[in-house]
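Take a look at the chain shown below. Then read on for a short tour of its parts.

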Amino acid sequence: MEGILGAVFFILFLVLVLLLLPNIKIVPQAHEYVIECLGKYKTTWGAGIHLKIPFIERVSKRVTLKEQVLDSPPQPVITKDNVTMQIDTVIYYAVYDAKLFAYGAVNPISALANLAATTLRNLVGELELDGTLTSRDTINAKMTSILDEATDKWGIKVNRVELRNIIPPKEIQAAMEKQMKAERERRETMLQAEGHKAAAITRAEGDKQAMILAAEGERDARIARAEGESRAIYLQKKAEADGLEALKKAAVDPAVLELKRYEALVAVANGKASKIILPTDAVEMTKSNVLFSETTGLGNVTPPAKDEPVAKKPDPCCE
């Protein structure tokens with residue numbers, strides 16, 4: 001009897017273990033499990049070990065909370081100026097609420113992809129070709145804002161949207177290449193013109209500086225020559241003055257001094273438009289010398305005039 005009871009207990013234990021082991025669940029890190037009880041949402045399991053009631057509870061949805069990437073295939077988009085081009089996007093998103101993600105939409109990822117496609121068509125349709133090519137950041141920011149707001153009820157957080165490729169038609173690509181080539185040639189021409197202009201300005205500045213330096217050199221040379229001549233005249237006159245002063249100190253005859261004065265006056269008057277101004281004492285001395293010469297006859301080198309012979313008158317009485 002005891003053996004039969006032991007076997008029964010063993011079988012019950014084995015059945016219990018077989019029932020409990022499948023219902024022990026370990027939720028990994030950065031994951032969440034949505035649990036339903038008899039078909040109704042009950043709770044959300046976080047990371048760790050959990051036990052569910054057999055046949056009553058079930059794991060409805062396994063959700064990862066890591067950031068994921070949704071790569072949308074290229075799709076045709078028409079711009080405002082009626083240019084059709086292929087654009088593909090990359091969406092970075094993460095699930096922040098497992099309950100909303102499980103019950104918000106039938107297929108949230110597909111809904112997100114379709115919403116991104118329609119939003120991209122709406123935004124690009126308001127721009128022209130050039131604006132589309134140069135407004136990547138603007139389009140990315142607007143799409144991120146619109147998708148993030150629309151997917152809040154699905155438990156999805158859109159972190160970033162990027163336009164990966166913008167492929168215009170081949171005709172537009174050829175025209176863009178020609179435009180780019182023409183723009184580069186224009187820039188090259190402008191750079192060459194600016195280089196020639198800078199070189200001409202530099203040459204003109206160099207010529208100007210050379211002329212200024214030559215003029216300054218000629219001016220300095222003339223000033224040096226003038227200073228040299230002035231110094232020479234000054235030294236000459238100083239030497240003459242020193243000679244006269246030496247004669248005066250030697251107590252020479254006044255007539256000699258007067259003679260030296262006359263020589264100095266003659267030297268000063270050595271010019272076509274010179275005027276001689278005689279001092280008063282020189283004039284008085286000259287007058288005295290002339291009067292003395294006329295009185296005494298000294299210094300008069302002019303020979304006296306000869307007396308003419310007087311013709312004799314005939315005597316009438318003797319004849």
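This report goes from the whole chain to its cores, its surface, its loops and its salt bridges.

## The chain as a whole

This is a predicted model. The chain has 319 residues, and 18% of them count as buried. Its secondary structure comes to eight helices and nine strands.

About 23800 Å² of the chain is exposed. Carbon and sulfur atoms supply 60% of that area. Now take the contacts between residues at least 6 apart in sequence: 61% of them join residues at least 24 apart.

## The nonpolar cores

The largest nonpolar core holds 28 residues. Which of them touch the most other members? They are Ile-87, Ile-91, Leu-120, Met-143 and Leu-147. Several elements each supply at least two residues of this core. Two are strands: E8 (84–95) and E9 (156–167). Three are helices: H2 (98–103), H3 (108–125) and H5 (136–150).

Met-143 shows how this core is joined. Leave aside its neighbours within four places in sequence. Met-143 is then in contact with Ala-116, Thr-119, Leu-120, Leu-123, Val-161 and Leu-163. Another core lies apart from the largest one. This other core has five residues, including Tyr-33, Ile-35, Trp-45 and Val-59.

## A nonpolar patch on the surface

Some nonpolar residues sit on the surface. Ten of them form a patch there: Phe-10, Ile-11, Leu-14, Val-15, Leu-18, Leu-19, Leu-38, Ile-53, Phe-55 and Ile-56. Together they have about 1000 Å² of accessible area.

Val-15 is one member of the patch. Its place is in helix H1, which covers residues 2–20. Val-15 has a relative accessibility of 40%, so it counts as partly exposed. Leu-38 belongs to the patch too. Its relative accessible area is 69%, so Leu-38 is exposed.

## Three loop residues

Is Thr-151 buried or exposed? It is buried, because its relative accessible area is 0%. Thr-151 lies in the loop between H5 and E9. Beyond its neighbours within four places in sequence, Thr-151 is in contact with Leu-112, Ile-156 and Val-158.

Two other loop residues have an unusual backbone angle, because most residues other than glycine have a negative phi. Leu-38 has a positive phi, near 55 degrees. Its loop runs between strand E2 (31–37) and strand E3 (40–45). Asn-82 also has a positive phi, near 60 degrees. Asn-82 is in the loop between strand E7 (75–78) and E8. Its relative accessibility is 64%, so Asn-82 counts as exposed.

## Salt bridges

Side chains of opposite charge can pair when their charged atoms come close. The count here comes to 11 salt bridges.

Start with Glu-57 and Lys-42. Their side chains meet in a salt bridge, at 2.1 Å from N to O. The pair links distant parts of the chain, with the two residues 15 apart. Glu-57 is in strand E5 (residues 57–64), while Lys-42 is in strand E3. How covered is each partner? Glu-57 has a relative accessible area of 6%, so it is buried. Lys-42 is partly exposed, with a relative accessible area of 45%.

Lys-157 and Asp-148 form a salt bridge too, at 3.0 Å from N to O. Lys-157 is partly exposed, with a relative accessible area of 37%. Asp-148 is buried, because its relative accessible area is 15% and the cut-off for buried is under 20%.

## A helix pair and a network

Arg-222 forms a salt bridge with Glu-218. The closest N and O atoms are 3.3 Å apart. What separates the two residues along helix H6? They are four residues apart in this helix (residues 170–249), so about one helical turn lies between them. Arg-222 counts as exposed, at 54% relative accessibility. Glu-218 counts as partly exposed, at 38%.

Salt bridges can also share partners, as they do in one network that joins Asp-71, Asp-88 and Arg-164.

Conventions. Residues numbered from 1 in each chain as written. Predicted model: local features only at pLDDT ≥ 70, side-chain atom pairs only at ≥ 80, totals over all residues. Heavy atoms only, no water. Buried < 20%, exposed > 50% of the residue type's maximum accessible area, 1.4 Å probe, protein only. Contact = heavy atoms within 4.5 Å. Areas by Shrake-Rupley, 256 points an atom, 1.4 Å probe, with all protein chains shown as cover. Core = buried A, V, L, I, M, F, W, Y, C linked by side-chain atoms within 4.5 Å. Patch = residues over 30% accessible without salt bridge, like charges linked within 9 Å, V, L, I, M, F, W, Y side chains within 5 Å. Salt bridge = Lys/Arg side-chain N within 4 Å of Asp/Glu carboxyl O.
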